[in-house]
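Q: I would like to learn how to read a protein model step by step. Could we take one feature at a time, with the general idea before the case?

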Amino acid sequence: MTDENHSPAEPSEMEVSEEHEHDEVSATEAGLEESGFAEKKKIGVGFWIAASWLVLITFLAIFAPVLPFKEPNQNFIVFEQKENPITGKIQDRPVQPPYSPNGDHWLGTDQDARDILSRSIHGARISLAVGALTALFGIVVGGALGMIAGYFKGILDKVISAIFLVSLSFPGLILAILVVALVDRSLITISITIGILAVAPIGRLARAQTLSFAEREFVLAAETLGAKKSRILVRELLPNVLIPMSTLAMLVIAIAIVAEGTLAFLGLSVQGSSTWGKLILTGSGLQTLESSPWVAFAPMGFLFLTVASFNYMSDRLRDFFDVREIFVTRD
Amino acid sequence: MSHETETPSTLLKLDDYRVGFRTERGLAKAVDGVSYELNSGKTLAIVGESGSGKTVLNRGIMGLLGSNINESGSVKFQGEELVNTNRQKFWGKKMAMIFQDPMTSLNPVMKVGKQVSEPLRLHQGMSRKEARHRTVELFTLVGIPEPSQRFDEYPHQLSGGMRQRVMISIALAIEPDLLIADEPTTSLDVTVQKYILDLLVEVQKESNMAMTIITHDLGVARGRADEILVMYGGRVMEHAPAETLFNEMAHPYTSALLSSIPKLDDPKHTRLTPIEGFPPDIVDGPDGCKFAARCQYAQENCLSELPDTTVKGDHSYACFYPIGTDEGAKAFASNAERGHTAAGLKIRAKEEVI
Amino acid sequence: MPKAIKRLIGLSCLLIVISMITFGAMNFLGDPLFNILGPVAADVDNPDSVKIIEEAKAQYHLDKSLPERWARWAWDFVQGDFGVQFSSSGQPPVSNLIKERLPRTLELMAVAQLIAVALAIPWSVLAASRANKRTDKVSTITAFAFVSIPSFAMAVILFYIFSIRLDVLPDVYNATDSFWGFTHDHRLIQLILPGFTLGLGAAAGYQRLLRTDLITTLQEDFILMARSKGVSKRRVLYYHALRPSLFSLITLLAINIGYMIGGSLVVEQYFRIPGIASAVVEATLREDFPVVLAVVMIISCGFMVFNYLADFLYSVIDPRIRTEKSGQRRKITSMGM
């Protein structure tokens, strides 16, 4: 009855000749409904590029101490033959750091002549650890709460959903500052604090997924066969909830890395170690930025590539697995 | 109905017009060599099932298909070649279109009056006041009660019939030379359908524009269209003046189409005969007649050869074994005898030729 | 309007819970007495100190139970009394600080939102009208990059480009300069860099959402109808397609105000804008609880007010909501800090 007007096809990926420029408005219209081919979903090359970067940076971060990187805290002062302005003698005199990128220090050094490349790689250790711990906490706690709410429903669901709602309405970063300032600035505290903020979004997704899967045949079948609720939760529902949750977890890692950087900028980052945020902060003062921009921009490059990769992979995966919810990725 | 008063001015002339969509599997031939002429003041009904290419054909003529297509052949509108040109200059002035579902084709967040007066303001240089006045006039003309109040209402506040009347007044506001009505009544209540159709024909006659009604329902065409063109698989199956078509129906597809739809004058509980099977694949379609696979008359050569168009006066059809000829009767008899067609389709016990 | 009232009650409950959590967290994790008195608070062996401690406890109701103290605080808060600043000498009322600082943050947010929306709309329209062509692909990648740049990095990048290298925009914010004007001595101009820092990322986020919604709208029949009426492409895009595509954007605009507050913590810190966000950072570090509590409440209230306002904006945009009362509000799960 509806004739050719099926729901319009997705705008096609095909390249289009230029002479029809006039008509872009309807270009996405009428399109391919006549042929009715659903386009195959592709994860895309970008996904693998992003994944490769993450594998590389994780590898470098884990094995940084044994890889031939320079000592991150050593001061590589360079000396040169120079006339001493007082004595007039030619002697070895230290050159004022920071040094710009060169063969020895690929990304230059900071004001204390420390190697930026090495410091960035070592910074990845803390930043990635914060991201991973946060995601882990978010998935374990949020996933558990969300699945319980979605499977048992009733009062339990109401209470848990209310907790999620409060958490989502809370000015999160201020909470993080409060906790970190009042408790301590250890890796664990910072990760858990940011992780608490990730519980609600992950939990809501887990709840929604559980709700939809709990009605499916395989779960009903298991129930009629007399399987225990805990068994259904773990064996039947968990595998189905895990994929969408892990796509979200990548986003959580990205946000956690950014949040840690934000805390660092406010002077509240992990005590004793340098994270990317701290490294950027070191280089972000007017003088340093003016004379040696690489001090800030090199670690920023690492941070950006990593955050963008996690963001992009999460985005692609959610598209691929059809995880339908819009998440705001801003810090 | 009255082809003796034919006006010499040909408004629209198609010659071997083809439209293909580029797809991953290759070119989808949605319209595969269509030729016809349409004169001012005439109504043409293009009839066919879903996927027969009739909507694509007309959106193609309008130039509304976007850029992902291959167009070839010729479409002349008022003597001007349209194929592979920008047809924007005709939109809202010389060509207008009425879409199938007035709910989705009216902007949900814009007052209906504004949607009617928009082309008046844009193309006829009317002031806001003039355009409003004219819109209210048009609303009255198409039978919308309390027209000046309706002006400030939104589509969702109107009934389906009222919305389609709004659509018609948009078309009237444009005063086009060619109006294409794409299944104008399909989404409407049966009781409203007839009124809307008659209204369309009435305004078409009054303003002497040419109109193409796209429909899947031969009944809609009957008594309203001057000519009927039956399409299948992107090709013209049969083309004739309306009365001729109904009286001397030649193509088995036309016949099958007619017996697949209910008629008002049918006795109660008349069994309808659906056409078995589905429209052909337009990317990698059959070599022979597109309809062969579903045709009760199909012989071996129907599967391999494309039938030429037979022209008898103003009646033309593309079939080797047309109804009402000896060849057709023989073909059907031989199929009935072996119990199936050349394509393997089982023959129904009763074949009714109308 | 029972639905609106129901929502209002729900939001009030939410605010109460938020204040309880903040109140509780500060009292459990910190030591209010120490913050008021300093080292004296720990000096319990000295009778003089003990006397001071007792007096302070009585004055600030620290001898009462936590729920009672919260109730007292809430009662005062509702009446507009936000308490006093522990950490400032003379302990001036918190409301003084807020009156001084809040307008600066609001100015920053307004500039940032304006920049974001002004960029996002033409950007989305351009991308959607050329969906999946080169222009669109490039703009999608650009948007993605902008979304992935945290505000602290964006601050450094913009500062470096426009203030250090090009030297066209001022890097100093002077709270005593007048706002309206177009020289480096007006806060409007001084807010451009901080505004872009917050606005660029937001614009990219808005673009991603609006582009998708626009593409969906552009596939509607009424767009084809408008085209066939001879409406120009530009008018179709901005007049016919934009308005029905704005729903998710409005939701995001409201939610994003919350995130911008998070972002403005960094921006105010980096560009030395003495606004409410930097006030809360300072107060937290000094454990000045009344200030933190007041700011958390103001931010939460603001967040909710904007969310509530968004509901009314929907009905302005879509007449269907006005008449049917069925809010077809698209759910956007918020994520982030």
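**Reading burial, contacts and crossings**

A: Let us start with a single residue: C:Glu220 has a relative accessible area of 32% and is therefore partly exposed, because that class lies between buried, under 20%, and exposed, over 50%. Please keep in mind throughout that this is a predicted model.

Q: Where in chain C is C:Glu220 placed, and how far apart in space are C:Glu220 and C:Ala241?

A: C:Glu220 sits in the loop that links α9 (192–218) to α10 (221–228) of chain C. Sequence distance and spatial distance are two separate readings, and for this pair the C-alpha atoms of C:Glu220 and C:Ala241 are 9.1 Å apart, while 21 residues separate them in sequence.

Q: Is C:Ser228 buried or exposed, and which residues is C:Ser228 in contact with, leaving aside its neighbours within four places in sequence?

A: C:Ser228, which belongs to helix α10 of chain C, has a relative accessibility of 1% and so counts as buried. When its neighbours within four places in sequence are left aside, its contacts are B:Met62, B:Leu64, B:Trp91, B:Gly92, B:Met95, B:Met97 and B:Phe99.

Q: What is the relative accessible area of C:Asn307, and how far is C:Asn307 from C:Leu102 in space?

A: C:Asn307 lies in helix α14 (residues 289–317) of chain C, and with a relative accessible area of 11% this residue is buried. From C-alpha to C-alpha, C:Asn307 and C:Leu102 are 19 Å apart in space, and along the sequence they are 205 residues apart.

Q: How many residues of helix α10 of chain B are buried, and what covers them?

A: The same reading can be made for a whole element. Helix α10 (residues 252–259) of chain B is mostly covered, since eight of its eight residues are buried, among them B:Pro252, B:Tyr253 and B:Leu257. The cover over the buried residues of α10(B) includes the strands β3 (43–47), β9 (227–232) and β10 (235–241), together with the helices α8 (218–221) and α9 (242–247) of chain B.

Q: How do α8 and α9 of chain A cross, and which residues make the contact?

A: For a pair of helices one reads the approach and the angle of their axes, and here the axes of α8 (residues 229–265) and α9 (residues 276–283) of chain A come within 7 Å and cross at roughly 40°. The two helices, α8(A) and α9(A), are therefore oblique to each other, and their crossing is right-handed. On the side of α8(A) the contact is made by A:Ile257, A:Glu260, A:Gly261, A:Ala264 and A:Phe265, and on the side of α9(A) by A:Trp276, A:Gly277, A:Lys278, A:Ile280 and A:Leu281. By class, the residues of this contact are six nonpolar, two polar and two charged.

Q: How compact is chain B for its 354 residues, and how many helices and strands are there in chain B?

A: Chain B contains twelve helices and twelve strands. Its radius of gyration is 21 Å, close to the 20 Å that the globule rule gives for 354 residues, so chain B is as compact as a globular protein of that length. The C-alpha trace of chain B spans about 70 × 50 × 45 Å along its principal axes, and 57% of the residues in chain B are buried.

Q: What does the secondary structure of chain A come to, and what share of its residues is buried?

A: Chain A has eleven helices and two strands, and buried residues account for 51% of its 331 residues. Of the contacts in chain A between residues at least 6 apart in sequence, 68% join residues at least 24 apart.

Methods
Residues are numbered from 1 along each chain as its sequence is written. Chains are lettered from A and ligands numbered from 1 in the order in which they are written. This is a predicted model: local features need pLDDT of at least 70, side-chain atom pairs count only at pLDDT 80 or more; totals for chains, interfaces and linings use all residues. Side-chain values use heavy atoms; hydrogens and water are left out. Axes are lines fitted to C-alpha atoms, for helices over the stretch in contact, and angles run from 0 to 180 degrees between N-to-C directions. Helices (H or I, at least four residues) and strands (E, at least two) are DSSP runs, numbered from the N terminus. Angles under 35 degrees count as roughly parallel, over 145 as roughly antiparallel, 65 to 115 as roughly perpendicular and the rest as oblique. A crossing is left-handed if the near helix is turned anticlockwise from the far one by less than a right angle, and right-handed if clockwise. Contact means heavy atoms within 4.5 Å. Ala, Val, Leu, Ile, Met, Phe, Trp, Tyr, Cys and Pro count as nonpolar, Asp, Glu, Lys and Arg as charged, and the others, Gly among them, as polar. The radius of gyration is taken over C-alpha atoms; the globule rule is 2.2 Å times the number of residues to the power 0.38. Buried means under 20% relative accessible area, exposed over 50%, partly exposed in between (1.4 Å probe, protein chains only).
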